Amino acid sequence: MAGGTGIMFDDRMLAHDPGPGHPERSDRLRVLHDRWRDASGLRRIGARAATFDELARVHDPGHVERVAATDGRPRVVFDADTSASARSYEAACLAAGGLVELCDAVRAGEVENGFAFVRPPGHHAEHGRAMGFCFFNNVAVAAAALRAAGIGRVAIVDWDLHHGNGTQHLFEDDPDVLYVSTHQYPFYPGTGAATDVGRGAGAGRTVNLPFPGGFGDVEFARAFDEIILPITRQFAPDFVLVSAGFDCDGRDPLGGLQVTPDGITMMAQSLRRLAEETAKGRLVAVLEGGYDLDAINEGVAKVLEVLRGTDATPPLHTGEARRADAVIERVRTVQAPYWTL
Ligand SMILES: [Zn+2]
């Protein structure tokens with residue numbers, strides 16, 4: 001049956017173990033599996049491992065080989081936050097390949113949109129380097145696969161609390177992939193200044209909204225209304241990818257933003273409407289960060305509600321509109337050469 005919403009998950013991604021006490025733990029996916037595995041009205045898409053060639057579209061082959069070499073070894077440390085267990089390579093391949101598989105199902109019209117429940121996350125992974133809990137850049141692998149399959153323009157909107165340094169760097173000179181990020185700043189990983197706008201043919205195709213700690217629903221709504229939607233509309237993507245992290249939720253133990261689940265609804269609705277306007281509704285969200293289990297569970301439920309068609313306007317609970325004046329003005333100024341804002 002065509003249309004509807006797909007979810008992609010696979011129990012083998014629970015086996016990635018980044019070490020004792022690590023916030024990126026398997027329970028993050030387990031709560032989603034428990035809630036959605038048998039839910040009615042969703043099409044289940046199974047994962048498959050990304051191929052070497054799919055990974056090497058965005059990663060240095062040497063990096064892919066270094067991660068592959070961890071397979072079966074009890075512990076290989078990449079940096080202070082990022083280490084592989086015996087089954088991490090398998091999980092990382094399934095995260096990237098499963099996302100590609102869901103995107104293919106959307107591209108083929110088997111489902112209109114969907115959500116990929118994955119770990120390890122991806123947006124910090126660089127061309128040649130694992131970092132920030134990430135080994136392969138899942139969303140970048142998917143964007144590159146979509147481009148290779150003939151999709152003209154891909155927009156990646158990243159509302160994870162952290163800046164997606166890897167995603168930005170992988171596409172910063174590519175005119176056909178727009179990368180838009182809201183993130184706490186300054187904060188890990190330190191990148192994501194408003195003045196990073198892309199370079200060469202990709203100038204204007206990187207849009208950063210660096211937010212001080214404390215910003216909530218209202219500031220995010222202004223960012224979407226005044227910057228993100230006007231730019232993405234003008235870019236007119238043929239496919240929308242969402243790096244959906246739930247560490248922007250006020251309950252997250254690592255971050256300092258104050259978004260609520262209704263704020264997540266607002267962002268998801270904005271992007272669903274955009275996808276309907278320019279991309280035949282083709283939208284796929286992929287899990288990035290988020291370390292409070294309730295925040296992940298409620299946030300994913302809100303996104304799925306929107307993807308399945310809920311249209312009610314959510315109330316906004318946190319934040320203060322005028323606090324966003326300065327950052328919105330700064331982003332408007334640096335993006336003015338490229339977009340009508
Ligand atoms: Zn994050």
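This report describes a predicted model, starting with its zinc site and moving on to its cysteines, its core, two helices and one loop residue.

**The zinc site**

The zinc ion is held by oxygen atoms of D160 and D247 and by the ND1 atom of H162, with D160 listed twice among the donors, at 2.0 to 2.7 Å. Along the chain the donors follow the spacing D-x1-H-x84-D. The angles subtended by the four donor atoms run from 52 to 157°, which makes the arrangement irregular. A tetrahedral site would need all angles between 85 and 135 degrees. D160 is buried, because its relative accessibility is 1%. H162 is buried as well, at 7%.

T182, a residue of strand β7 (residues 177-184), is in contact with D160. Further contacts of T182, leaving aside neighbours within four places in sequence, include D158, W159 and L209. With a relative accessible area of 2%, T182 counts as buried.

**The cysteines**

How many disulfides are there? The count comes to zero. A disulfide is a covalent bond between the sulfur atoms of two cysteines. The sulfur of C93 has its closest cysteine sulfur in C134, and the 15 Å between them is too far for a bond. For C103 the closest cysteine sulfur is in C93, at 17 Å, which is also too far. Both residues are buried: C93 has a relative accessible area of 3%, and C103 has 1%.

**The nonpolar core**

In soluble globular proteins, nonpolar side chains tend to be buried together. Here the largest nonpolar core has 107 residues, and those with the most contacts inside it are W36, F115, F117, W159, L241 and F246. Helix α4 (residues 88-107) supplies the largest share of this core, 12 residues.

What does L241 touch, apart from its neighbours within four places in sequence? Its contacts include C103, V139, A142, A143, L146 and V284. Four contacts of L241 with adjoining numbers are V154, A155, I156 and V157.

**Two helices**

The table sets the expected span of two helices beside the distance between their end C-alpha atoms.

| Helix | Length | Expected span | Distance between end C-alpha atoms |
|---|---|---|---|
| α8 (residues 261-278) | 18 residues | 26 Å | 26 Å |
| α9 (residues 293-307) | 15 residues | 21 Å | 21 Å |

For α8 the expected span, at 1.5 Å a residue, agrees with the distance in the model. The values for α9 agree too. Of the 18 residues of α8, 14 are buried, so this helix is largely enclosed by the rest of the structure. Just after α8, K280 takes a positive phi of about 55°.

In α9 the buried residues include A295, I296, V300, L304 and L307. Among them are also N297 and G299. The buried residues of α9 pack against two helices, α1 (27-36) and α8. They also pack against the strands β1 (5-8), β2 (42-45), β5 (113-116) and β10 (283-287).

**A loop residue**

Is D60 buried or partly exposed? At 28% relative accessibility it counts as partly exposed. D60 sits in the loop between α2 (52-56) and α3 (61-68). Not counting residues up to four places away in sequence, D60 touches R66, H127 and G128. The C-alpha atoms of D60 and H22 are separated by 27 Å, and the two residues are 38 residues apart along the chain.

Conventions: Residues numbered from 1 in each chain as written. Predicted model: local features only at pLDDT ≥ 70, side-chain atom pairs only at ≥ 80, totals over all residues. Heavy atoms only, no water. Donors = N, O, S within 2.8 Å, 3.2 Å for Na, K, Ca; no water. Tetrahedral: all angles 85-135°; square planar, octahedral: opposite > 155°, others 65-115°. Buried < 20%, exposed > 50% of the residue type's maximum accessible area, 1.4 Å probe, protein only. Disulfide = S-S within 2.5 Å. Core = buried A, V, L, I, M, F, W, Y, C linked by side-chain atoms within 4.5 Å. Helix = DSSP H or I, 4+ residues; strand = E, 2+ residues; numbered from the N terminus. Contact = heavy atoms within 4.5 Å. Expected span 1.5 Å × (residues − 1).
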